[in-house]
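Colleague: I am new to this structure and should be grateful for a close look at the backbone of its loops. Please set the overall fold out beforehand, so that I can place what you describe.

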Amino acid sequence: MMRVWLLVVLLLLGCSDAAAQADIPLLTSDSDGEGGQTFSAKLELVAVLTLLSILPALFMTMTAFTRIIVVLGLLRQGIGTQQTPSNQILIGLAFFLTVFVMSPVISKSYEQGVQPYMAEEMATTEAVSAAAQPFRQFMLAQVRSKDLMLFARLGGHEGFESRSDIPFSVLMPAFATSELKTAFQIGFLILIPFLIIDLVVSAVLMSMGMVMLSPLIISLPFKLMLFVLVDGWSLIMGTLARSFQAV
């Protein structure tokens, strides 16, 4: 992951230096002689800056981040610890677990698109297309056919001969919808044990006539004890990592 960020920085510096040393027009493109297009350094710089501005949205909608952060949020709500762990901690856990899950995909994308581009073996458009293919394969492995059909109909597409013909405009919202469904399914299974503890504690308090005492105050230590005894964090993180189908 670090080499990808380093690559982005180097690309920004390289483009800015090239633009400063030569008066290159902003919007120019030339044929590479093989049917592709090469763009001016300034235009590539604008494209990189635009990509960086939408990088958070791409990170959430094209990776495992959505499923992981939703499940962790539901887990915290089920335990009933309010803001513990804090949002920053949950986002940090979700980010690094996402990097762990997406490492094979990022490596493939780097090898297929970024390296050839830096070696000047590919044009810009070809490199972008090649770098996007591993992410497409990852999303297609997770997305539900029902969600793909839904957004295909909404987009006015009658059908696709193969999954490779599905555009990103259809695949990305379908993938995000599928991830939300999967996250809520996992969250439902996680919440059941905590719900049972709440019901038992509430029934005991009612039978003792302690109706003014909040069941949440009494059930919280029991839920924490249960979560610790079953090694909950390792179980949750391992289950989330294994829930993604291999590409």
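**Two loops and their backbone**

Modeller: Ten helices and two strands make up the protein chain in this predicted model. Along the sequence, these elements come in the order α-β-β-α-α-α-α-α-α-α-α-α. Of the 247 residues in the chain, 34% are buried. The chain exposes about 14600 Å² of surface, with 68% of that area supplied by carbon and sulfur atoms. Where contacts link residues at least 6 apart in sequence, 67% of them join residues at least 24 apart.

With that setting in place, two loops deserve a close look. One of them runs between helix H4 (65-79) and helix H5 (87-118), and Pro-85 lies in it. The peptide bond that leads from Thr-84 into Pro-85 is cis, its omega being near 0°.

The other loop joins helix H9 (215-229) to helix H10 (232-242), and it holds Asp-231. Although Asp-231 is not a glycine, its phi is positive, at about 55°. Is this residue buried, partly exposed or exposed? Asp-231 counts as partly exposed because its relative accessibility is 45%, a value between the 20% limit for buried and the 50% limit for exposed.

Why single out these two places? Most peptide bonds are trans, and most residues other than glycine have a negative phi. Against that background, the cis bond from Thr-84 to Pro-85 and the positive phi of Asp-231 are the features to look for in the two loops.

Technical notes:
Residues numbered from 1 in each chain as written. Predicted model: local features only at pLDDT ≥ 70, side-chain atom pairs only at ≥ 80, totals over all residues. Heavy atoms only, no water. Helix = DSSP H or I, 4+ residues; strand = E, 2+ residues; numbered from the N terminus. Buried < 20%, exposed > 50% of the residue type's maximum accessible area, 1.4 Å probe, protein only. Contact = heavy atoms within 4.5 Å. Areas by Shrake-Rupley, 256 points an atom, 1.4 Å probe, with all protein chains shown as cover.
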